[in-house]
Amino acid sequence: MKLRLMTPLLLLTLMGCDAPQRGRAPNTFVNGTTLQNFGGVGGPGFTSTTGGTIVPTIDTGTTGVTSRPGFQNCDLGDRFSTVDIGSFGICQSTVEETSFLFRTTNAQTSVRTCLIPTYKDSAGSSTYIGNPQCALTSANQIVSGRLYKDRQGFTGYPLNGVIVMKEPLLPEYIGCMQGYTNWPVNLCPSGPTNGYCATWISRCPGGARTNPYCDVEAKSYMRTICENFKTKYPNGYVDIRTR
């Protein structure tokens, strides 16, 4: 699998993978986005990142799903899987871009499963365009929820894909995707305290976009942490085109 960086969007191609053992995620992403507005731990469904309520789930089984507008051709069979989550199916509404159905074969009652809305280009590269929505799930229970295009600078892109992973992977995934934007701050949190930081902070006062040299170095940093993420979790997530 090769990492692909696509000019201003910095699109990352992520293929389906699985995660080795790891600890719980911290309460915040590396870019400061908190987890407090995600789906409630006590119930299924997804919570709006703008403060909406948990959406009720549909009964176990597929009865009534294919009759819902936008889901007439929905296939919630076991088309995807990771070692953490097991087999699952997911559908995006054909009439309402943000509406999704999700079903897992295995119950997920202690660690939440998260769906990350993405834009996938014609080459298959993807970037996240909104905050993850997470939920605990019961075996074969169909969860109805919404994904939101609320990442600053990406609200105008089509929502045509989703990345699925367990919640503990989120900080490292977001750190990868924000690697370009957060360079060199993440490497030099205390300022020019070493030769590398002294060199690049002085050369790149405006960050990665200061000049072409800063751009190249920031892309190299992003490539490194993204490759580390893929190596660490080779089967821990699935990148799916939904439209």
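**View 1. Lys149 sits in the loop between strand 7 and strand 8.** This is a predicted model, in which local features need pLDDT of at least 70 and side-chain atom pairs count only at pLDDT 80 or more, while totals for chains, interfaces and linings use all residues. Residues are numbered from 1 along each chain as its sequence is written, and side-chain values use heavy atoms, with hydrogens and water left out. Helices (H or I, at least four residues) and strands (E, at least two) are DSSP runs, numbered from the N terminus. Is Lys149 buried or exposed, or does it fall in between? With a relative accessibility of 22%, Lys149 counts as partly exposed. Here buried means under 20% relative accessible area, exposed means over 50%, and partly exposed lies in between (1.4 Å probe, protein chains only). Leaving aside residues up to four places away in sequence, Lys149 touches Glu97, Ile129, Gly130, Thr155, Tyr157, Pro158 and Leu159; a contact means heavy atoms within 4.5 Å. One of these partners, Glu97, is 52 residues from Lys149 in sequence, yet their C-alpha atoms are 9.9 Å apart in space.

**View 2. Four strands make an open sheet in the order 1-2-3-7, with antiparallel pairing.** Strand 1 (80–82) and strand 7 stand at the edges with a single partner strand each, so one side of each has no neighbour in the sheet. From one strand to the next, the twist averages 30°. Two strands pair if DSSP finds at least two bridges between them. Strand 1 is joined to strand 2 (residues 86–92) by 3 bridges, and the two run antiparallel. Look for Thr82, which stands opposite Gly86 in strand 2. As general background, strands of a sheet pair through backbone hydrogen bonds, either parallel or antiparallel.

**View 3. Strand 7 (residues 142–146) is mostly covered.** How many of its 5 residues are buried? The count for strand 7 is 4. Strand 7 pairs with strand 3 (residues 99–104) in the antiparallel sense, over 5 bridges. To find one of the paired positions, start at Leu101 and look across to its bridge partner in strand 7, Ser144.

**View 4. Asn140 lies in the loop between strand 6 and strand 7.** Its phi is near 65°, a positive value in a residue other than glycine. Most residues other than glycine have a negative phi, and most peptide bonds are trans. Asn140 has a relative accessibility of 32%, so it counts as partly exposed.

**View 5. Pro132 is in the loop between strand 5 (126–128) and strand 6 (133–137).** Because its relative accessibility is 0%, Pro132 counts as buried. Which distance separates the C-alpha atoms of Pro132 and Cys114? They are 5.9 Å apart, although the two residues are 18 residues apart along the chain.

**View 6. Helix 1 (170–177) leads into a loop that holds Pro184, with helix 2 at the other end.** Of the 8 residues of helix 1, 7 are buried, so this helix is largely enclosed by the rest of the structure. The buried residues are Leu170, Pro171, Tyr173, Ile174, Gly175, Cys176 and Met177. Their cover includes strand 4 (108–120), strand 5, strand 6, strand 8 (161–166) and helix 3. In the loop, a cis peptide bond joins Trp183 and Pro184, with omega about 0°.

**View 7. Helix 2 (residues 195–203) packs against helix 3 (residues 212–232) at an angle of about 135°.** Their axes are 10 Å apart. The contact is made by Tyr196, Trp200 and Arg203 of helix 2, together with Tyr213, Cys214 and Glu217 of helix 3. Axes are lines fitted to C-alpha atoms, for helices over the stretch in contact, and angles run from 0 to 180 degrees between N-to-C directions. Helix 2 and helix 3 are therefore oblique to each other: angles under 35 degrees count as roughly parallel, over 145 as roughly antiparallel, 65 to 115 as roughly perpendicular, and the rest as oblique.

**View 8. The whole chain brings together 3 helices and 9 strands.** Along the sequence they follow the pattern β-β-β-β-β-β-β-β-α-α-α-β. Of the 243 residues in the chain, 51% are buried.
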